[in-house]
Amino acid sequence: MSRQHVLVTGASIAGPTLAFWLDRAGYDVSVVERAPQLRLGGQNIDVRGTGREVLRRMNLDETLLAGGTTEEGTRFVDEKGRTIAAFAAGDGDSDGPTAELEILRGQFAKILVEHAGPNTVYRYGDHVTGVDQDADGVDVTFAGGSVERFDLVFFAEGIRSSSRELAFPGEIDTRAVGLYTAYGVLPRSSSDDAWWRWFNAPGSRVAGLRPDNLGTTRFSLSWVSDSKGYEYARQDVLVDALRETFGDVGWEVPRILDSLGPDSELYIDHLAQVRAPRWSSGRVALVGDAAWCATPLSGMGTTLSVTGAYVLAGELARSTDHRAAFAGYERLMRPFASKVQDLPPGVPRLAHPKTAAGVAVMRGVLRIAGSKPVRSITSRLMGPDAATLELPDYDFARNPRIQ
């Protein structure tokens, strides 16, 4: 049988991971990315449990650890920057709010792309605008005007993927969790250190500062709110919204707000989960956030992405029928994704108290949790439950389709 040619859309985490394994399984892989070049921006992400095992099987775990953000742990602070409670980074696959493997999203994507297989091609500045499939393949129309035929197509884009709708029109349920988060980058100052600092303010608002390994500091501003369309707004509208929402907040927030301007690296999202009744349609399948986004609140988004990409490629590698492979992929991954999407009761409001009294209560609980007698226990409990999927062993060198 001849080699099959497949298309993967999206060059963030799930897409390049899927491309890596499909290449190893004997496919010719094209990865298309809407951005004009690889997007190197983004905030800290972590990988835990089964995701770490996938990276070990890719021989990338040590490389990614070496490119980590250097974050040493998480500190909850008050208005004067004094520590309320501190939790050191985990020294295992799944411990603590700061994982052993913390890396910038862009750095992770760069490493994945740099380790692409010999039969993988990355194409930038284009995206899918049409999908027409039959029993034997998929004709894909690109924004650049070309029409190309592929044996299989995989959408590995974000939660609001427009391309996904071409194959799953009206099927995807996107459920908001009621939280806005804005992310950006600051010049490093003398007050910054190697810890993630978390500050709560009344009004269900949270500010965070995190170290990176590039000489800058990453910030986040979160607040409980219904969607106001900021996720689609212009930069100047976003800046005005952040200054209005956080203008009376102390700690390091004035520094963050003062840094904002038309050229700031700024991204804002109204967090939502993706609930898809199916992850495949004929010869087209979904993977990553496009299939099951659990939101950053789960702490498991990247783990789901790399695990799902591995399982999807593995099921294809051991099957002669893509339909059977897609069914196996869902059978294995859906319980795992559903468990991760089941956020703890009270999230996100529990971590975003509305009143000053609520903030005080939260700080009191944190002081107890961070005290020496119980810190080791609470550090483990504060990490997400990552070890919930037994990874299959796939023989990618023996793809029954490629003889």
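**Close-up views of a predicted model**

**View 1. Helix α9 has the span expected for its number of residues.** Helix α9 covers residues 301-317, which makes 17 residues. At 1.5 Å a residue, these should span 24 Å. The end C-alpha atoms of α9 are 24 Å apart, so the expected and computed values agree. The model shown here is predicted. How many of the 17 residues of α9 are buried? The count is 16, so α9 is largely enclosed by the rest of the structure.

**View 2. Helix α10 carries a kink at Met333.** Helix α10 runs over residues 322-341, 20 residues in total. At 1.5 Å a residue, it should span 28 Å. Its end C-alpha atoms lie 27 Å apart, which agrees with that value. Where does the kink lie in α10? Look at Met333, shortly before the proline Pro335. The kink there is about 35°. Met333 is also one of the buried residues of α10. Others in that list include His322, Phe326, Tyr329, Glu330, Phe336 and Gln341.

**View 3. Asp321 caps the N-terminal end of α10.** A side-chain oxygen of Asp321 reaches toward the start of the helix. This oxygen lies 2.8 Å from the backbone nitrogen of Arg323. His322, where α10 begins, is buried.

**View 4. Six strands form an open sheet.** The order of the 6 strands is β7-β2-β1-β11-β18-β17. Their pairing is mixed. Which strands stand at the edges? They are β7 (120-124) and β17 (280-281). Each has a single partner strand, so one side of each is left without a neighbour in the sheet. In a regular strand, side chains alternate between the two faces of the sheet.

**View 5. Strand β1 pairs with both β2 and β11.** Strand β1 spans residues 5-9. Of its 5 residues, 4 are buried, so β1 is largely enclosed by the rest of the structure. On one side, 4 bridges join β1 to β11 (residues 152-155). These two strands run parallel. Leu7 stands opposite Val153 in β11. Thr9 has Phe155 as its bridge partner in β11. Strand β1 is also joined to β2, by 5 bridges. This pair is parallel too. Here Val6 is matched with Val29. Which residue of β2 is the bridge partner of Thr9? It is Val32. Thr9 therefore has a bridge partner in β2 and another in β11.

**View 6. Strand β2 links β1 to the edge strand β7.** Strand β2 holds residues 28-33. It is mostly covered, with 5 of its 6 residues buried. The chain arrives from β1 by way of helix α1 (residues 14-24). This β-α-β crossover is right-handed. Strand β2 then pairs with β7 in the parallel sense, over 5 bridges. Ser30 has Val121 as its bridge partner in β7.

**View 7. Thr120 in strand β7 makes a polar contact with Asp23.** Is Thr120 buried or exposed? Its relative accessible area is 12%, so Thr120 counts as buried. Its side chain makes a polar contact with the side chain of Asp23, at 2.9 Å. Beyond its neighbours within four places in sequence, Thr120 is in contact with Ala19, Asp23, Val29 and Val31. Gly203 is elsewhere: 83 residues apart from Thr120 in sequence, and 49 Å apart in space, C-alpha to C-alpha.

**View 8. Thr69 is a buried loop residue.** The loop lies between α3 (61-66) and β4 (73-77). Thr69 has 1% relative accessibility, so it counts as buried. A polar atom of its side chain lies 3.3 Å from the backbone nitrogen of Glu71. Leaving out residues up to four places away in sequence, Thr69 touches Asn44, Glu102, Ile103, Leu104, Pro211, Asp212 and Asn213.

**View 9. Lys110 is partly exposed on helix α4.** Helix α4 covers residues 105-114. The relative accessible area of Lys110 is 33%. Not counting residues up to four places away in sequence, Lys110 touches Leu38 and Leu40. Lys110 and Ile84 are 26 residues apart in sequence. In space, their C-alpha atoms are 36 Å apart.

Key: Residues numbered from 1 in each chain as written. Predicted model: local features only at pLDDT ≥ 70, side-chain atom pairs only at ≥ 80, totals over all residues. Heavy atoms only, no water. Expected span 1.5 Å × (residues − 1). Bend = angle between axes of the 7 residues up to and from the residue. Buried < 20%, exposed > 50% of the residue type's maximum accessible area, 1.4 Å probe, protein only. Polar contact = N/O pair within 3.5 Å; in protein donor to acceptor, adjacent residues only side chain to side chain. Contact = heavy atoms within 4.5 Å. Pairing = 2+ DSSP bridges. Right-handed = clockwise from strand over helix to strand, strands pointing away.
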